[in-house]
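Colleague: Could you take me closely through the part of this model that the database record marks out as domains, and tell me what the pocket and the cysteines there look like?

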Amino acid sequence: MGAQNTVLVVGAGQSGFQAVASLRDRGFDGRVVLVGDEPGVPYQRPPLSKAYLAGTAGLEQLHLRGEDFFAEKDIELVAGRVAAIDREASLVRLEDGRELGYDHLVMATGARNRTLPVPGADLPGVLTLRTRDDADRLRESLAHAENVVVVGGGFIGLEFASHAGRPVTVVEAQDRLLNRVATPEISAYFAELHREAGHTVLLGQGVSALHGDERVREVELSDGTRLPADLVVVAVGVVPETTLAAEAGLPVDNGVVVDAHLRTSDEKIFAIGDCANFPCVQAGAATRLESVQNAVDQARSVAAAITGTPEPYASLPWFWTDQSGAKLQIAGILSGADRTVVAGDRDAGKFSVLSFRDDVLIAVESVNRPADHIAARRLFTADPHPRYADLEVSEFNLKEHLKAASTRG
């Protein structure tokens, strides 16, 4: 590749960082520019709701790489917010008026937090968690708060509750925690775990208003109940950042629409990570995933395409979370599951939930069973995937089934 060839990556999160790093790893010798709207080097987001929030990890431990890495790899870091993409001129315009040209543009714009559409949502003391600054504000607020309410029972809300260092109240509008990402068996287990840790978990309750004068003082629930609160953490999911793509005339539908190579309708422009809606092999449908694995693997896939070795993106999705002493690891996509089996010892907090669709294994959720998670990821790389009857023979022991399958192979 010629030195004049420029790859411009918009978004300096996990996927954006991995894209520029992978380009250099693959020998790309053109210009590489990474634009981020936060100053400093790219950092990890997962620890923000865990170790960083709890104060057991510092700022340096968040950094994906130090400044010397970017200098050594000749990667230009540009701090600023992109205002527009000019596809005809193959350049982006920053809010401060600067213009940056590209031969390939990678959109790694991520997502933004959903807001709570109720009166009082803009009161002081109502916070979200997405950036390092958000985590800093939350840590400072926790030091002075007496009554903490978390709105949302997904990964972020529950991780915050686990690492807040005090009992909190979790309010979830659905009838179970982790409703979007886990099976009912896992939801029930984590609800028990959080209650045992001293947290109050309220299910099937929406928030109708937040009340206060100079700051938030109460959370009003859909049934009229009022909870005292001087700190409210809103964790009701995210919305993909698609404004730039839409204004540039690129197709958008729950994310920036891309093909199997993560390319948009413009052959020069790719989209990866939380903002990309891609044809997911495992789900059998267009899907948008929010995970470190997806961000990293899609970035590597795009780097391969740009450097001349494109392959359709087909990486196995996997996820993880740490909550109240339990590590949950998920391999596969739960969509369409019609049968589940629990393997292991639930009472001891070491078990896995195997999910099937049409008697084919499609996902495995493992609680404190890392060997099951590793075995599941290896099994999902095989074709065909294990069937219910095959696993039944080994009493749904994934390690034993994997060993037997390897012997037969």
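Modeller: Residues 6-299 are 24% helix and 29% strand, and the C-alpha atoms at the two ends of this stretch are 16 Å apart; helices (H or I, at least four residues) and strands (E, at least two) are DSSP runs numbered from the N terminus. This is a predicted model, in which local features need pLDDT of at least 70 and side-chain atom pairs count only at pLDDT 80 or more, while totals for chains, interfaces and linings use all residues. Residues are numbered from 1 along each chain as its sequence is written, and side-chain values use heavy atoms, with hydrogens and water left out.

The UniProt record, an unreviewed entry, labels residues 6-299 "domain: FAD/NAD(P)-binding", with positions given in the numbering used here, feature names shortened, and annotations that may be inferred rather than shown by experiment. If a disulfide is taken as a pair of cysteine sulfur atoms within 2.5 Å, the count comes to zero. Cys275 is in no disulfide, and its nearest cysteine sulfur, that of Cys280, is 16 Å away. Cys275 counts as buried because its relative accessibility is 0%, and Cys280 is buried too, with a relative accessible area of 3%; buried means under 20%, exposed over 50% and partly exposed in between, with a 1.4 Å probe and protein chains only.

The same record, again as an unreviewed entry, gives "domain: Reductase C-terminal" for residues 318-400, a stretch that is 23% helix and 43% strand, with its end C-alpha atoms 21 Å apart. Within it, β24 (residues 339-345) and β25 (residues 350-357) pair in the antiparallel sense over seven bridges, where pairing requires that DSSP finds at least two bridges between the strands. Thr340 stands opposite Ser355 in β25, and in the hairpin, which has four residues between the strands, Gly349 takes a positive phi near 75 degrees.

As for the second largest pocket, Val281, Gln282, Leu361, Phe380 and His385 lie nearest its centre among 13 lining residues. A pocket is an open set of points on a 1 Å grid over the protein atoms alone where a 1.4 Å probe fits, with protein on both sides within 12 Å along at least five of seven lines, and lining residues have an atom within 4 Å of a point. Strand β26 (residues 360-367) gives the largest share of that lining, three residues. The lining of the second largest pocket divides into eight nonpolar, three polar and two charged residues, with Ala, Val, Leu, Ile, Met, Phe, Trp, Tyr, Cys and Pro counted as nonpolar, Asp, Glu, Lys and Arg as charged, and the others, Gly among them, as polar.
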